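Me: I should like to work through a structure by question and answer. Please reason through each reply and end on the value or name that I ask for.

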Amino acid sequence: MTKKIAVLGGDGIGPDIVAEAIKVLNCLRDDYGFQFETEEALAGGIAYDKEGHPLPESTIKVCKAADAILLGAVGGPQYDALPRELRPESGLLGLRGTFELFANLRPAILYSELASASSLKPELVAGLDVMIVRELTGGIYFEQPKGSGKNKDGLREGFNTMRYNEQEVERIARVAFEIAQKRNKKLCSVDKANVLDVSQLWRDVVIEVSKDFPDVELSHMYVDNAAMQLVARPKQFDVIVTGNMFGDILSDIAAMLTGSIGMLPSASLASTGKGMYEPVHGSAPDIAGKGIANPLATILSVSMMLRYTFNEGELADRIEKAVGKVLANGKRSADIARQGEATIGTKAMGDAVVEALRS
Ligand code: NAD
């Protein structure tokens, strides 16, 4: 059956990097018979400019009809003064909420060729391959009560609520165990169960779910230790599962271990298998329109789409190998080049991946 992909280029470098990812998909169709169709829609600042809202109804309709959503990036300084609900980033949150994309997968992979780009010693990070599974639609960023005001003593205060119910924990834990099963079968659940009641429930439920995955080795770590371990011995981890706020912070630490934000893909999945796939980075307004953005994070997001929504693991492997080959051949965009190294632009990098896929 033909797969349907909604394509949201977004703002800044978004449309350019997405165009290179589509080139890769076209190559998979021509050379490997992957049947798909795309439909473009507006999201983010450009949607606000043209339709008055960062996530117009027309875009929701296109995304609803699709099996997967490919997003470039949204945002830009020209939208910073807008009310929060009209800012480009609200469009992104709207997509996550509308489609209940509760599982955020962020792999941090460091290709050996790029080990010198990391702020850590190459021997600590060369060959790093960690998958962080973050709960994305619950926890302290969403739960009520939240707000700010004055307390009974007249002092200003602000508050949020960290709350998870057992179903929310169970569904994210299952996603993480299933991913661990397909990798090195090690799962580390990160919480703060020594202090937080919500974390104790998290831990209890993860242990219960683990009974269904006897082949996966489960460990637990407090979040403060996990932050330390990620920079001390990052290669000890295979898959990490954690709540929304802890995952937000830990996945950014893991991202920096790899040195370049231009290399990192992500997936946000619903329980139906529908997913939104996007690079971790933003719209990079400082380089927009210059033709120098690195499209590899977006191309690797397509690889995640093939793996997690379309169950085309073999094609996903092909893309990842092609990216590896391009790097091994010394092709570098400006963000991953060492000083003095020759660089290529966005289009040339996309072409190089297509060429590597074909050879
Ligand atoms: P950013 O990720 O856009 O850029 C940070 C730095 O990394 C910049 O110097 C940029 O040039 C560089 N960079 C990013 N992607 C690159 C690529 N593919 N190739 C080469 N260099 C790259 O983060 P920012 O500057 O903090 O944010 C810019 C805008 O993007 C803001 O409006 C922000 O809200 C938005 N944003 C959107 C998303 C998203 O769409 N998911 C994520 C983060 C930030």
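Me: Which residues are exposed on the other side of helix 3, away from T59, I60, V62 and C63?
Reply: The model is a predicted one. In helix 3, which spans residues 57–65, T59, I60, V62 and C63 are buried. These buried residues cover an arc of only 160 degrees around the axis, so they sit on the same side of helix 3. The exposed residues on the other side are E57, K61 and K64.

Me: Which elements are included in what covers the buried residues of helix 3?
Reply: An α-helix has 3.6 residues a turn, so residues three or four places apart point the same way. The buried residues in helix 3 are T59, I60, V62 and C63. Their cover includes strand 1 (3–10), strand 2 (36–40), strand 3 (68–73) and helix 4 (88–98).

Me: How far is a polar side-chain atom of E89 from an oxygen atom of the ligand?
Reply: The ligand is surrounded by 21 residues, and E89 is listed among the closest, together with G282, A284, D286 and N294. A polar contact requires a pair of N or O atoms within 3.5 Å. The pair formed by a polar side-chain atom of E89 and an oxygen atom of the ligand has a distance of 2.4 Å.

Me: What percentage of the area that the ligand exposes when taken alone does the protein bury?
Reply: Other polar atoms also face the ligand: a polar backbone atom of V74 is 2.9 Å from one of its oxygen atoms, and an N or O atom in the side chain of H281 is 3.1 Å from one of its nitrogen atoms. Taken alone, the ligand exposes 800 Å². Of that area, the protein buries 68%.

Me: How many residues of the shell around the ligand are charged?
Reply: The shell is divided into three classes. Its nonpolar residues number 10 and its polar residues 7. The number of charged residues is 4.

Me: What is omega for the cis peptide bond between Q144 and P145?
Reply: Most residues other than glycine have a negative phi, and most peptide bonds are trans. The bond that joins Q144 and P145 is cis, and P145 lies in the loop between strand 5 (129–135) and strand 6 (147–150). Its omega is about -5 degrees.

Me: Is K185 buried, partly exposed or exposed?
Reply: K185 lies in the loop between helix 6 (166–182) and strand 8 (186–191). Its phi is positive, near 60 degrees, although K185 is not a glycine. Buried means under 20% relative accessible area and exposed means over 50%. Because the relative accessibility of K185 is 33%, this residue counts as partly exposed.

Me: What is the relative accessibility of N311?
Reply: N311 is located in the loop between helix 10 (296–308) and helix 11 (313–328). Although N311 is not a glycine, its phi is positive, at about 55 degrees. N311 counts as exposed because its relative accessibility is 64%.

Me: Which residues does G139 touch, not counting those up to four places away in sequence?
Reply: G139 is placed in the loop between strand 5 and strand 6. With a relative accessibility of 1%, G139 counts as buried. Leaving out residues up to four places away in sequence, G139 touches T161, R163 and Y164.

Me: With which residues is N244 in contact, leaving aside neighbours within four places in sequence?
Reply: N244 belongs to helix 9, residues 244–257. At 2% relative accessibility, N244 counts as buried. Apart from neighbours within four places in sequence, its contacts are R134, E135, L136, T137, G138, Y141, F142 and Y164.

Technical notes
Residues are numbered from 1 along each chain as its sequence is written. This is a predicted model: local features need pLDDT of at least 70, side-chain atom pairs count only at pLDDT 80 or more; totals for chains, interfaces and linings use all residues. Side-chain values use heavy atoms; hydrogens and water are left out. Buried means under 20% relative accessible area, exposed over 50%, partly exposed in between (1.4 Å probe, protein chains only). Helices (H or I, at least four residues) and strands (E, at least two) are DSSP runs, numbered from the N terminus. The arc is that of the directions from the helix axis to the C-beta atoms. Contact means heavy atoms within 4.5 Å. A residue is near a molecule or strand if one of its heavy atoms lies within 4 Å of it. A polar contact is a pair of N or O atoms within 3.5 Å; within protein, one must be able to donate a hydrogen and the other to accept it, and residues adjacent in sequence count only if both atoms are side-chain atoms. Accessible areas come from the Shrake-Rupley method with a 1.4 Å probe; for residues, only the protein chains shown count as cover. Ala, Val, Leu, Ile, Met, Phe, Trp, Tyr, Cys and Pro count as nonpolar, Asp, Glu, Lys and Arg as charged, and the others, Gly among them, as polar.
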